[in-house]
Amino acid sequence: MRTQVGIIGAGPAGLMLAQLLHREGIESVVLEARDREYVQQRVRAGVLEQNTVDLLRAAGVSERLDREGIVHHGIELRFDGAGHRIAMSDLTGGRAIWIYGQQEVVKDLIAAREAAGAPLRFEVSGVDVHDVDGERPRITYTDGGAARELECDVIAGCDGFHGICRPAMGEERLRIAEREYPFGWLGILADVAPSTDELIYAYHERGFAMHSLRSPTLSRLYLQVDPDESIDAWPDDRIWEELHRRLAADGWSLREGPIVEKAITPMRSFVAAPMRRGRLFLAGDAAHIVPPTGAKGLNLAINDVRVLAEALTAWYADGSTTGLDAYSDTCLQRVWRVQDFSTFMTTLLHRGSGDAFDDGLQRARLRYVTSSEPAARSLAENYVGLPTA
């Protein structure tokens, strides 16, 4: 087989890249190790920043998002039993965020791919890349029990943190920067209407808590826990008791409902550079991971493929390599800005050592960001997504 761009991974990054290239008349083949049901059902990110929504609209895949997505113009920071609203849209000239699950974005992109009749292969195995330093890189894989080879002009590695593309960059070529946090998130999905109209981020002496949502009938909530704790140590009653305690505020109450999903996720920051080797380009979690406090993982992946799609479009149009040559540096500038913001939000809201000095610092920072307009504007600008160049 032969195509212009071989895309490994059918998550949001790979599928969005395929859609952007299709709109420009550039052929691609998308390969995914998991089955379609798994890809469409895995619950991950749920907050889309303004740039992501704008790009989904430009790519022609926003019809359901515009109909079903929930627009939020602010978030609440809650501490000492009181809520403080950050009016994001007022502070950023009308920019906002949308609540729309990653799995819904994936469903929309798969539907667009199928409507276009473009190649999308699920449940492939044994994927490997070859000759990425040459002009005809290849992807080998097994599909339906048969060995296949796909010759490409370019390979896009959108296969996540545990994929094969980052190792193919060569260990000696990569500079790895990472940080592991001494806490994790216990996340639940509850079959109950949200108790809030906007996201709540709570700082509490017992640890961070968050109230988010996935739909008008599904609530998403999180608790700071030890990353090594067993989920078996957290029966439903204990989870609700702790959420009530950490999210408590005068005049507000938390609705309870059946917990349909729960898991504990460790938190880390990770950046691999460069994001390019020859004709192999990394995008999304294959190159970087951010702690979820800033709601940036999916949005950062979408920005990567926006940059890559623009660079590939210019290359196929007139042979210009300017965008491709600058791809890694261009993406990494935003990656580090987002890492900084995500680390700021994480350290602002999570209980650290627990000593009096750290607690005093965090409360001082929270009071400052909720009382100073310039500080609130900085948070809002980063949260809704700084405009793209």
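**Charges over rings**

I looked first at R238 and found its charged end over the ring of W234, 3.6 Å from the ring centre. I count a charge as over a ring if NZ of Lys or CZ of Arg is within 6 Å of the ring centre and within 35 degrees of the ring normal. R34 also lies over a ring face, that of Y38, at 4.2 Å from the ring centre.

I note that this is a predicted model, in which local features need pLDDT of at least 70 and side-chain atom pairs count only at pLDDT 80 or more, while totals for chains, interfaces and linings use all residues. Residues are numbered from 1 along each chain as its sequence is written, and side-chain values use heavy atoms, with hydrogens and water left out.

**Aromatic pairs**

I paired rings of Phe, Tyr and Trp (its six-membered ring) if their centres lie within 6.5 Å, with planes under 30 degrees apart called stacked, over 60 edge-to-face and the rest tilted. The count comes to ten aromatic pairs. F161 and F270 are edge-to-face, because their ring centres are 5.0 Å apart and their planes stand at 85°. F161 lies in the loop between strand 12 (154-157) and helix 7 (165-168) and F270 in strand 17 (residues 259-273), so this pair ties together parts that are 109 residues apart in sequence. Helices (H or I, at least four residues) and strands (E, at least two) are DSSP runs, numbered from the N terminus. Both F161 and F270 are buried; I use buried for under 20% relative accessible area, exposed for over 50% and partly exposed for in between (1.4 Å probe, protein chains only).

I then checked Y201 and Y383, whose ring centres are 6.1 Å apart with planes at 90°, so this pair is edge-to-face. Y201 belongs to strand 14 (residues 200-203) and Y383 to helix 12 (residues 373-384), so the pair ties together parts that are 182 residues apart in sequence. Y201 and Y383 are buried. They belong to one aromatic cluster with W185, F208, Y222, F341 and F344.

**Six-stranded sheet**

I traced an open sheet of six strands in the order 8-2-1-12-19-18, with mixed pairing. Its edge strands, each paired on one side only, are strand 8 (120-121) and strand 18 (276-277). Two strands pair if DSSP finds at least two bridges between them. Strand 1 (residues 5-8) and strand 2 (residues 28-31) run parallel and are joined by four bridges. V5 has S28 as its bridge partner in strand 2, and I8 stands opposite L31.

I looked at side-chain directions in strand 1: V5 and I7 point one way, G6 and I8 the other, and all are buried. In a regular strand the side chains alternate between the two faces of the sheet.

**Helices 1 and 9**

I took helix 1 (residues 12-23) next; its twelve residues reach 16 Å from first C-alpha to last, close to the 16 Å expected at 1.5 Å a residue. The expected span is 1.5 Å times one less than the number of residues. Ten of the twelve residues are buried, so I noted helix 1 as mostly covered, by the cut-off of under 20%. The buried residues include P12, A13 and G14. G25, just after helix 1, takes a positive phi of about 75°.

Helix 9 (residues 297-318) lies across strand 1, strand 12 and strand 19 (280-282), and runs at about 175° to strand 12. Axes are lines fitted to C-alpha atoms, for helices over the stretch in contact, and angles run from 0 to 180 degrees between N-to-C directions. Within helix 9 I picked out A301, which counts as buried because its relative accessibility is 7%. Leaving out residues up to four places away in sequence, A301 touches A13, G284 and H288; contact means heavy atoms within 4.5 Å. The C-alpha atoms of A301 and C331 are separated by 9.6 Å, with the two residues 30 apart along the chain.

**Hairpin and three-stranded sheet**

I found strand 5 (residues 75-79) and strand 6 (residues 82-86) running antiparallel, joined by five bridges. L77 stands opposite H84 in strand 6. Strands 5 and 6 form a hairpin with two residues between them, and D80 in the turn has a positive phi of about 55°.

Three strands form another open sheet, in the order 3-7-4, with antiparallel pairing. Strand 3 (47-49) and strand 4 (70-72) are its edge strands, and the twist averages 30° from one strand to the next. Three bridges join strand 3 to strand 7 (residues 97-99), where I99 stands opposite V47.
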